[in-house]
Amino acid sequence: MAVIGFIGLGNMGFPMASRLRQAGHDLRCFDTSAHALERAAEEGMSPRRSVAETVQDADFVITMLPSGAHVIKVLTREPLPIRADAVVIDCSTIDVASCAVFHETLQEQGFATLDAPVSGGVGGAAAGTLTFMVGGSETAFERAQPILKAMGKNLIHAGPAGAGQAAKICNNMLAGISMLAVSEALHLAKCLGLDTRKFFDIASTSSGQCWALTSYSPEPGLVPSAPSNRGYEGGFASELMLKDLRLAEQAAIASGSPALLGAAASSIYAMHCAAGRGRLDFSSIIQMLGESARPGA
Ligand code: NAD
(Lines give C-alpha, C1' and ligand atoms only; values in the text may rest on other atoms or scores of the structure.)
Protein backbone atom coordinates (compact mmCIF):
# COMPACT_ATOMS: atom_id res chain seq x y z
CA MET A 1 0.00 0.00 0.00
CA ALA A 2 1.18 3.52 -0.79
CA VAL A 3 1.85 6.58 1.33
CA ILE A 4 -0.28 9.40 -0.08
CA GLY A 5 -0.04 13.11 0.73
CA PHE A 6 -3.47 14.60 -0.05
CA ILE A 7 -4.02 18.39 -0.06
CA GLY A 8 -7.51 19.93 -0.33
CA LEU A 9 -10.30 18.11 1.51
CA GLY A 10 -13.35 19.96 0.20
CA ASN A 11 -16.53 18.66 -1.45
CA MET A 12 -14.51 16.55 -3.88
CA GLY A 13 -11.20 16.03 -2.11
CA PHE A 14 -12.68 14.59 1.08
CA PRO A 15 -14.61 11.73 -0.55
CA MET A 16 -11.68 11.03 -2.93
CA ALA A 17 -9.26 10.81 0.00
CA SER A 18 -11.78 8.61 1.86
CA ARG A 19 -11.83 6.15 -1.05
CA LEU A 20 -8.04 5.94 -0.93
CA ARG A 21 -8.13 5.39 2.83
CA GLN A 22 -10.78 2.66 2.42
CA ALA A 23 -8.53 1.00 -0.17
CA GLY A 24 -5.91 0.65 2.59
CA HIS A 25 -3.47 3.45 1.71
CA ASP A 26 -1.66 5.51 4.34
CA LEU A 27 -3.33 8.92 3.98
CA ARG A 28 -1.55 12.04 5.21
CA CYS A 29 -3.58 15.11 4.53
CA PHE A 30 -3.73 18.89 4.78
CA ASP A 31 -6.37 21.57 4.35
CA THR A 32 -6.51 25.18 5.54
CA SER A 33 -9.86 24.37 7.16
CA ALA A 34 -9.60 22.97 10.70
CA HIS A 35 -13.03 21.37 10.29
CA ALA A 36 -11.85 19.44 7.21
CA LEU A 37 -8.86 18.11 9.15
CA GLU A 38 -11.07 17.01 12.08
CA ARG A 39 -13.33 15.14 9.68
CA ALA A 40 -10.30 13.52 8.05
CA ALA A 41 -9.01 12.29 11.42
CA GLU A 42 -12.44 10.74 12.12
CA GLU A 43 -12.09 8.81 8.82
CA GLY A 44 -8.74 7.34 9.85
CA MET A 45 -6.54 9.73 7.86
CA SER A 46 -3.50 11.46 9.42
CA PRO A 47 -3.92 15.25 9.41
CA ARG A 48 -0.65 17.20 9.11
CA ARG A 49 0.12 20.80 10.07
CA SER A 50 1.58 21.94 6.75
CA VAL A 51 1.95 21.07 3.08
CA ALA A 52 5.62 20.21 3.69
CA GLU A 53 4.74 17.70 6.43
CA THR A 54 2.06 16.20 4.22
CA VAL A 55 4.24 15.54 1.18
CA GLN A 56 7.30 14.24 3.07
CA ASP A 57 7.81 10.48 2.50
CA ALA A 58 4.77 10.26 0.18
CA ASP A 59 4.84 7.96 -2.85
CA PHE A 60 2.07 10.09 -4.38
CA VAL A 61 1.14 13.72 -3.75
CA ILE A 62 -2.42 14.63 -4.74
CA THR A 63 -3.98 18.11 -4.81
CA MET A 64 -7.71 18.88 -5.14
CA LEU A 65 -7.90 22.68 -4.81
CA PRO A 66 -10.32 25.37 -6.02
CA SER A 67 -8.23 27.05 -8.75
CA GLY A 68 -4.90 27.46 -10.53
CA ALA A 69 -3.78 30.17 -8.09
CA HIS A 70 -4.19 27.72 -5.18
CA VAL A 71 -2.24 24.97 -6.96
CA ILE A 72 0.60 27.38 -7.80
CA LYS A 73 0.71 28.66 -4.22
CA VAL A 74 0.68 25.22 -2.62
CA LEU A 75 3.07 23.35 -4.93
CA THR A 76 5.42 25.79 -6.64
CA ARG A 77 6.20 28.81 -4.41
CA GLU A 78 8.98 27.09 -2.52
CA PRO A 79 10.77 23.74 -2.93
CA LEU A 80 8.92 21.03 -1.02
CA PRO A 81 10.48 17.96 0.62
CA ILE A 82 8.90 15.63 -1.96
CA ARG A 83 10.64 12.27 -2.50
CA ALA A 84 12.62 12.12 -5.73
CA ASP A 85 10.63 9.10 -6.99
CA ALA A 86 7.16 10.46 -6.05
CA VAL A 87 4.43 11.22 -8.59
CA VAL A 88 2.66 14.59 -8.09
CA ILE A 89 -0.94 14.53 -9.34
CA ASP A 90 -3.11 17.65 -9.55
CA CYS A 91 -6.80 16.70 -9.81
CA SER A 92 -8.18 20.27 -9.56
CA THR A 93 -9.78 21.95 -12.58
CA ILE A 94 -7.41 24.82 -13.40
CA ASP A 95 -6.45 27.16 -16.23
CA VAL A 96 -4.07 26.08 -18.95
CA ALA A 97 -1.34 28.60 -17.96
CA SER A 98 -1.26 27.54 -14.28
CA CYS A 99 -1.23 23.91 -15.34
CA ALA A 100 1.88 24.58 -17.46
CA VAL A 101 3.59 26.30 -14.50
CA PHE A 102 2.70 23.32 -12.26
CA HIS A 103 4.31 20.80 -14.65
CA GLU A 104 7.35 22.91 -15.55
CA THR A 105 8.24 23.95 -11.98
CA LEU A 106 8.00 20.47 -10.51
CA GLN A 107 9.61 18.71 -13.45
CA GLU A 108 12.58 21.11 -13.21
CA GLN A 109 12.97 19.78 -9.66
CA GLY A 110 12.99 16.24 -11.07
CA PHE A 111 9.47 15.08 -10.11
CA ALA A 112 7.00 13.16 -12.26
CA THR A 113 3.78 15.17 -12.69
CA LEU A 114 0.27 14.53 -13.97
CA ASP A 115 -2.71 16.81 -14.46
CA ALA A 116 -5.72 14.60 -13.74
CA PRO A 117 -8.97 16.58 -13.51
CA VAL A 118 -12.16 14.62 -12.93
CA SER A 119 -15.75 14.42 -14.04
CA GLY A 120 -18.55 12.80 -12.07
CA GLY A 121 -19.17 15.26 -9.25
CA VAL A 122 -19.46 14.70 -5.52
CA GLY A 123 -21.61 11.57 -6.02
CA GLY A 124 -19.00 10.04 -8.33
CA ALA A 125 -16.23 10.91 -5.86
CA ALA A 126 -18.09 9.17 -3.01
CA ALA A 127 -18.87 6.11 -5.14
CA GLY A 128 -15.38 5.88 -6.66
CA THR A 129 -16.79 6.18 -10.18
CA LEU A 130 -15.07 9.37 -11.37
CA THR A 131 -13.69 9.76 -14.87
CA PHE A 132 -10.05 10.88 -14.79
CA MET A 133 -8.67 12.67 -17.85
CA VAL A 134 -4.94 12.58 -17.48
CA GLY A 135 -2.11 14.60 -19.00
CA GLY A 136 1.55 13.66 -18.59
CA SER A 137 4.04 10.95 -19.51
CA GLU A 138 2.95 7.33 -20.15
CA THR A 139 5.31 6.20 -17.38
CA ALA A 140 3.81 8.51 -14.75
CA PHE A 141 0.31 7.50 -15.90
CA GLU A 142 1.16 3.79 -15.53
CA ARG A 143 2.53 4.38 -12.04
CA ALA A 144 -0.51 6.40 -10.94
CA GLN A 145 -3.11 3.97 -12.31
CA PRO A 146 -3.54 1.81 -9.16
CA ILE A 147 -4.09 4.98 -7.09
CA LEU A 148 -6.50 6.60 -9.56
CA LYS A 149 -8.41 3.30 -9.85
CA ALA A 150 -9.36 3.52 -6.17
CA MET A 151 -11.17 6.79 -6.95
CA GLY A 152 -12.42 6.35 -10.50
CA LYS A 153 -14.01 3.99 -12.99
CA ASN A 154 -12.66 5.49 -16.22
CA LEU A 155 -9.01 6.47 -16.47
CA ILE A 156 -8.12 8.02 -19.81
CA HIS A 157 -4.62 9.11 -20.75
CA ALA A 158 -5.51 12.19 -22.81
CA GLY A 159 -1.94 12.99 -23.91
CA PRO A 160 1.12 14.94 -22.73
CA ALA A 161 1.25 17.47 -19.87
CA GLY A 162 -1.83 19.75 -19.93
CA ALA A 163 -3.96 17.38 -22.05
CA GLY A 164 -6.14 16.43 -19.06
CA GLN A 165 -7.06 20.07 -18.34
CA ALA A 166 -7.66 20.70 -22.04
CA ALA A 167 -10.07 17.73 -22.20
CA LYS A 168 -11.82 18.84 -19.01
CA ILE A 169 -12.58 22.39 -20.15
CA CYS A 170 -13.72 21.21 -23.60
CA ASN A 171 -16.02 18.64 -21.96
CA ASN A 172 -17.48 21.17 -19.53
CA MET A 173 -18.00 23.76 -22.27
CA LEU A 174 -19.95 21.07 -24.13
CA ALA A 175 -21.96 20.21 -21.01
CA GLY A 176 -22.75 23.89 -20.30
CA ILE A 177 -23.88 24.57 -23.86
CA SER A 178 -25.96 21.40 -24.12
CA MET A 179 -27.67 22.09 -20.78
CA LEU A 180 -28.75 25.48 -22.15
CA ALA A 181 -29.93 23.89 -25.40
CA VAL A 182 -31.95 21.25 -23.54
CA SER A 183 -33.45 23.92 -21.26
CA GLU A 184 -34.47 26.08 -24.24
CA ALA A 185 -36.04 23.10 -26.03
CA LEU A 186 -37.98 21.95 -22.95
CA HIS A 187 -39.18 25.48 -22.33
CA LEU A 188 -40.24 26.02 -25.93
CA ALA A 189 -42.04 22.67 -25.97
CA LYS A 190 -44.06 23.78 -22.94
CA CYS A 191 -44.85 27.17 -24.51
CA LEU A 192 -46.09 25.35 -27.62
CA GLY A 193 -48.53 23.37 -25.47
CA LEU A 194 -46.69 20.04 -25.65
CA ASP A 195 -46.87 17.64 -22.73
CA THR A 196 -43.35 17.73 -21.20
CA ARG A 197 -43.18 13.96 -20.62
CA LYS A 198 -44.28 13.25 -24.21
CA PHE A 199 -41.69 15.67 -25.59
CA PHE A 200 -39.05 14.05 -23.35
CA ASP A 201 -39.98 10.58 -24.65
CA ILE A 202 -39.75 11.82 -28.24
CA ALA A 203 -36.48 13.78 -27.94
CA SER A 204 -34.87 10.98 -25.88
CA THR A 205 -35.26 8.62 -28.83
CA SER A 206 -34.66 11.21 -31.56
CA SER A 207 -31.77 13.32 -32.80
CA GLY A 208 -32.07 15.68 -29.80
CA GLN A 209 -30.98 12.94 -27.39
CA CYS A 210 -28.03 13.90 -25.18
CA TRP A 211 -26.70 13.45 -21.61
CA ALA A 212 -28.14 16.77 -20.37
CA LEU A 213 -31.61 15.55 -21.42
CA THR A 214 -31.65 11.86 -20.57
CA SER A 215 -29.31 11.66 -17.55
CA TYR A 216 -29.56 15.11 -16.00
CA SER A 217 -32.84 16.67 -17.12
CA PRO A 218 -33.21 20.29 -15.89
CA GLU A 219 -37.01 19.80 -15.75
CA PRO A 220 -38.12 18.00 -12.55
CA GLY A 221 -40.00 14.71 -12.81
CA LEU A 222 -38.26 13.31 -15.89
CA VAL A 223 -35.01 11.75 -14.62
CA PRO A 224 -35.36 10.66 -10.96
CA SER A 225 -31.65 11.00 -10.07
CA ALA A 226 -31.29 14.53 -11.52
CA PRO A 227 -30.70 17.49 -9.13
CA SER A 228 -33.81 19.20 -10.62
CA ASN A 229 -35.85 16.84 -8.40
CA ARG A 230 -34.06 18.06 -5.28
CA GLY A 231 -34.57 21.80 -5.77
CA TYR A 232 -31.27 21.90 -7.73
CA GLU A 233 -29.33 21.24 -4.53
CA GLY A 234 -26.10 19.20 -4.65
CA GLY A 235 -24.74 18.27 -8.06
CA PHE A 236 -22.39 20.66 -9.89
CA ALA A 237 -22.76 24.28 -8.79
CA SER A 238 -23.55 26.93 -11.44
CA GLU A 239 -20.59 28.99 -10.17
CA LEU A 240 -18.24 26.07 -10.89
CA MET A 241 -19.74 25.72 -14.36
CA LEU A 242 -19.16 29.45 -14.88
CA LYS A 243 -15.55 29.04 -13.75
CA ASP A 244 -15.02 26.24 -16.30
CA LEU A 245 -16.78 28.15 -19.11
CA ARG A 246 -14.46 31.09 -18.44
CA LEU A 247 -11.43 28.78 -18.54
CA ALA A 248 -12.68 27.48 -21.90
CA GLU A 249 -13.18 31.05 -23.15
CA GLN A 250 -9.62 32.02 -22.16
CA ALA A 251 -8.24 28.90 -23.85
CA ALA A 252 -10.31 29.58 -27.00
CA ILE A 253 -8.98 33.14 -27.23
CA ALA A 254 -5.40 32.04 -26.60
CA SER A 255 -5.56 29.29 -29.22
CA GLY A 256 -7.57 31.29 -31.79
CA SER A 257 -10.37 28.72 -31.80
CA PRO A 258 -13.90 30.11 -32.32
CA ALA A 259 -16.13 29.28 -29.35
CA LEU A 260 -19.17 31.46 -29.97
CA LEU A 261 -21.66 29.26 -28.15
CA GLY A 262 -19.17 28.79 -25.30
CA ALA A 263 -18.91 32.58 -24.89
CA ALA A 264 -22.72 32.92 -24.95
CA ALA A 265 -23.07 30.15 -22.36
CA SER A 266 -20.48 31.90 -20.17
CA SER A 267 -22.47 35.19 -20.26
CA ILE A 268 -25.74 33.41 -19.50
CA TYR A 269 -24.26 31.54 -16.52
CA ALA A 270 -22.70 34.81 -15.29
CA MET A 271 -26.19 36.39 -15.24
CA HIS A 272 -27.58 33.32 -13.47
CA CYS A 273 -24.88 33.50 -10.77
CA ALA A 274 -25.31 37.29 -10.42
CA ALA A 275 -28.99 36.61 -9.70
CA GLY A 276 -27.89 34.70 -6.58
CA ARG A 277 -28.12 31.15 -7.97
CA GLY A 278 -24.42 30.34 -8.10
CA ARG A 279 -24.68 27.57 -5.49
CA LEU A 280 -27.53 25.79 -7.28
CA ASP A 281 -26.78 22.95 -9.67
CA PHE A 282 -26.04 24.16 -13.20
CA SER A 283 -29.27 22.60 -14.55
CA SER A 284 -31.13 25.35 -12.61
CA ILE A 285 -30.37 27.55 -15.63
CA ILE A 286 -33.83 26.50 -16.91
CA GLN A 287 -35.33 28.76 -14.23
CA MET A 288 -33.87 31.80 -15.98
CA LEU A 289 -35.70 30.96 -19.20
CA GLY A 290 -39.00 30.76 -17.34
CA GLU A 291 -38.41 34.20 -15.88
CA SER A 292 -37.43 35.84 -19.16
CA ALA A 293 -40.45 34.43 -21.05
CA ARG A 294 -43.08 37.02 -22.00
CA PRO A 295 -46.48 35.78 -20.79
CA GLY A 296 -49.11 35.93 -23.53
CA ALA A 297 -46.62 37.01 -26.21
P1 NAD B 1 -14.09 23.03 -2.37
O2 NAD B 1 -14.04 24.52 -2.32
O3 NAD B 1 -15.21 22.30 -1.71
O4 NAD B 1 -12.71 22.42 -1.76
C5 NAD B 1 -11.46 23.01 -1.87
C6 NAD B 1 -10.70 22.75 -0.57
O7 NAD B 1 -9.38 23.28 -0.71
C8 NAD B 1 -11.32 23.42 0.66
O9 NAD B 1 -11.52 22.46 1.68
C10 NAD B 1 -10.30 24.47 1.05
O11 NAD B 1 -10.26 24.72 2.45
C12 NAD B 1 -9.02 23.84 0.54
N13 NAD B 1 -7.94 24.79 0.36
C14 NAD B 1 -7.99 26.02 -0.23
N15 NAD B 1 -6.76 26.59 -0.22
C16 NAD B 1 -5.93 25.68 0.37
C17 NAD B 1 -4.53 25.70 0.67
N18 NAD B 1 -3.77 26.75 0.37
N19 NAD B 1 -4.00 24.61 1.26
C20 NAD B 1 -4.78 23.55 1.58
N21 NAD B 1 -6.11 23.49 1.33
C22 NAD B 1 -6.67 24.55 0.74
O23 NAD B 1 -14.00 22.65 -3.92
P24 NAD B 1 -14.43 21.26 -4.62
O25 NAD B 1 -15.87 21.30 -4.99
O26 NAD B 1 -13.89 20.14 -3.80
O27 NAD B 1 -13.60 21.38 -5.99
C28 NAD B 1 -12.20 21.18 -6.03
C29 NAD B 1 -11.77 21.18 -7.49
O30 NAD B 1 -12.45 20.14 -8.20
C31 NAD B 1 -12.11 22.49 -8.22
O32 NAD B 1 -11.03 22.79 -9.06
C33 NAD B 1 -13.37 22.14 -9.00
O34 NAD B 1 -13.52 22.91 -10.17
C35 NAD B 1 -13.12 20.68 -9.33
N36 NAD B 1 -14.34 19.86 -9.55
C37 NAD B 1 -15.42 20.00 -8.73
C38 NAD B 1 -16.55 19.22 -8.95
C39 NAD B 1 -17.76 19.34 -8.05
O40 NAD B 1 -18.82 18.79 -8.42
N41 NAD B 1 -17.66 20.01 -6.90
C42 NAD B 1 -16.57 18.30 -10.01
C43 NAD B 1 -15.44 18.16 -10.82
C44 NAD B 1 -14.32 18.96 -10.57
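**Exercise 1. The leucine patch**

Find which residues make the nonpolar surface patch of about 310 Å² in this predicted model, and classify Leu192 as buried or exposed.

Solution.
- Step 1: Leu188, Leu192 and Leu194 make the patch.
- Step 2: Locate Leu192. This residue sits in the loop between α8 (163–191) and α9 (196–204).
- Step 3: Leu192 has a relative accessible area of 61%. The cut-off for exposed is over 50%, so Leu192 is exposed.

**Exercise 2. Disulfides**

Determine how many disulfides the whole structure holds, and explain why Cys29 and Cys170 are without a bond to their closest cysteine sulfurs.

Solution.
- Step 1: Searching the whole structure gives 0 disulfides.
- Step 2: A disulfide needs two cysteine sulfur atoms within 2.5 Å.
- Step 3: For Cys29, the closest cysteine sulfur belongs to Cys91, 15 Å away, so the pair is too far apart for a bond.
- Step 4: For Cys170, the closest cysteine sulfur belongs to Cys99. The separation is 13 Å, again too far for a bond.
- Step 5: Compare exposure. Cys29 is buried, at 0% relative accessible area, whereas Cys170 is exposed, at 51%.

**Exercise 3. The setting of Cys273**

Place Cys273 in its helix, decide whether Cys273 is buried or exposed, and list its contacts beyond four places in sequence.

Solution.
- Step 1: Helix α12 (residues 260–277) contains Cys273.
- Step 2: The relative accessible area of Cys273 is 17%. Buried means under 20%, so Cys273 is buried.
- Step 3: Leave out residues up to four places away in sequence. Cys273 then touches Ser238, Glu239, Leu242 and Gly278.
- Step 4: Check the distance to Ser215, 58 residues away along the chain. The C-alpha atoms of Cys273 and Ser215 lie 23 Å apart.

Key: Residues are numbered from 1 along each chain as its sequence is written. This is a predicted model: local features need pLDDT of at least 70, side-chain atom pairs count only at pLDDT 80 or more; totals for chains, interfaces and linings use all residues. Side-chain values use heavy atoms; hydrogens and water are left out. Helices (H or I, at least four residues) and strands (E, at least two) are DSSP runs, numbered from the N terminus. Buried means under 20% relative accessible area, exposed over 50%, partly exposed in between (1.4 Å probe, protein chains only). Contact means heavy atoms within 4.5 Å. Patches are made of residues with over 30% relative accessible area and no salt bridge: like charges are joined within 9 Å, nonpolar side chains (Val, Leu, Ile, Met, Phe, Trp, Tyr) within 5 Å. Accessible areas come from the Shrake-Rupley method with a 1.4 Å probe; for residues, only the protein chains shown count as cover. A salt bridge is a side-chain nitrogen of Lys or Arg within 4 Å of a carboxyl oxygen of Asp or Glu.
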